[in-house]
Amino acid sequence: MESHPTYATLATFLQQYPRTAGATYQTYNDLLLAQQWSGIEVIRLPSCERCGFRGRRPEAGTFTYVVPCSLSETVSIGWLRSALEEFGHPTEVYLAVNADDSSTVYYKLSMGITKPPA
């Protein structure tokens with residue numbers, strides 16, 4: 001991991017939050033290299049004991065927020081609420097769930113009840 005070109009961007013955060021280093025590193029590389037997001041910023045989420053990401057998806061005009069986690073982690077409503085607060089109350093956040101086989105699944109989460117798109 002340390003020899004990968006993206007490691008330098010995340011090194012401080014991976015050392016600060018070692019328990020979530022794998023999910024953080026995997027999500028960042030997926031967003032940057034596979035999903036081709038631009039302007040990715042790493043944001044500390046101390047109440048969640050990890051960092052998250054803010055960036056732009058291809059051809060999207062607004063910022064999108066992502067919180068990485070492992071498939072084996074337990075996530076609560078309070079934990080998700082804390083992440084939304086630390087991101088500054090965006091209308092939606094994506095939870096990036098990382099599995100041991102390096103797959104990442106993104107779940108779109110919003111506060112309250114929202115109508116699905118037509």
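**Note on the predicted model**

1. The protein chain contains three helices and five strands. This is a predicted model, and the points below should be read with that in mind. Starting at the N terminus, the order of elements is α-α-β-β-β-α-β-β. The radius of gyration is 14 Å, close to the 13 Å that the globule rule gives for 118 residues, so the chain is as compact as a globular protein of that length.

2. Overall dimensions come next. The C-alpha trace of the protein chain spans about 45 × 30 × 25 Å along its principal axes. Of the 118 residues in the chain, 42% are buried. The accessible surface of the protein chain is about 7,000 Å², and carbon and sulfur atoms account for 53% of that surface.

3. On contact order: if one takes the contacts in the protein chain between residues at least 6 apart in sequence, 46% of them join residues at least 24 apart.

4. On charge: the protein chain carries 9 positive and 11 negative charges. The mean positions of these two sets are 9 Å apart.

5. Helix α1 covers residues 7-16. Its buried residues are Tyr7, Leu10, Ala11, Phe13 and Leu14. They pack against helix α2 (21-34) and against two strands, β1 (38-45) and β2 (50-56). A reader inspecting the contacts of α1 can therefore start from these three elements, against which its buried residues pack.

6. Two residues from these elements can be placed individually. Phe53 sits in strand β2 and is buried, with a relative accessible area of 0%. Phe53 and Tyr7 are 46 residues apart along the chain, and their C-alpha atoms are separated by 15 Å; Tyr7 is one of the buried residues of α1. Ala21 belongs to helix α2. Its relative accessible area is 11%, so Ala21 counts as buried under the 20% cut-off. From Ala21 to Trp79 the separation is 58 residues in sequence and 18 Å in space, C-alpha to C-alpha.

7. Cysteines: the structure holds zero disulfides. For Cys48, the closest cysteine sulfur is that of Cys69, and the two sulfurs are 10 Å apart, which is too far for a bond. For Cys51, the closest cysteine sulfur is that of Cys48, at 11 Å, again too far for a bond. A disulfide here requires sulfur atoms within 2.5 Å, so neither of these distances qualifies. Both residues are also buried: Cys48 has a relative accessible area of 2%, and Cys51 has 1% relative accessibility.

8. Helix α3 spans residues 77-86 and includes Arg81. Arg81 is partly exposed, at a relative accessible area of 39%; this value falls between the 20% and 50% cut-offs, which is why Arg81 is called neither buried nor exposed. Arg81 and Glu92 are separated by 11 residues in sequence and by 11 Å in space, taken from C-alpha to C-alpha.

9. Backbone check, part one: Glu59 has a phi near 65°, a positive value in a residue other than glycine. Glu59 is in the loop between β2 and β3 (64-70). Its relative accessibility is 88%, so Glu59 counts as exposed, the cut-off being over 50%.

10. Backbone check, part two: Ser102 has a phi near 75°, also a positive value in a residue other than glycine. Ser102 lies in the loop between β4 (92-98) and β5 (104-110). With a relative accessible area of 54%, Ser102 is exposed.

11. To recapitulate the residue-level points: the positive phi values of Glu59 and Ser102 occur in loops, between β2 and β3 for Glu59 and between β4 and β5 for Ser102. Phe53, Ala21, Cys48 and Cys51 are buried, while Arg81 is partly exposed.

Note on methods
Residues numbered from 1 in each chain as written. Predicted model: local features only at pLDDT ≥ 70, side-chain atom pairs only at ≥ 80, totals over all residues. Heavy atoms only, no water. Helix = DSSP H or I, 4+ residues; strand = E, 2+ residues; numbered from the N terminus. Rg over C-alpha atoms; globule rule 2.2 N^0.38 Å. Buried < 20%, exposed > 50% of the residue type's maximum accessible area, 1.4 Å probe, protein only. Contact = heavy atoms within 4.5 Å. Areas by Shrake-Rupley, 256 points an atom, 1.4 Å probe, with all protein chains shown as cover. Lys, Arg positive; Asp, Glu negative; His and termini not counted. Charge placed at Lys NZ, Arg CZ, Asp CG, Glu CD.
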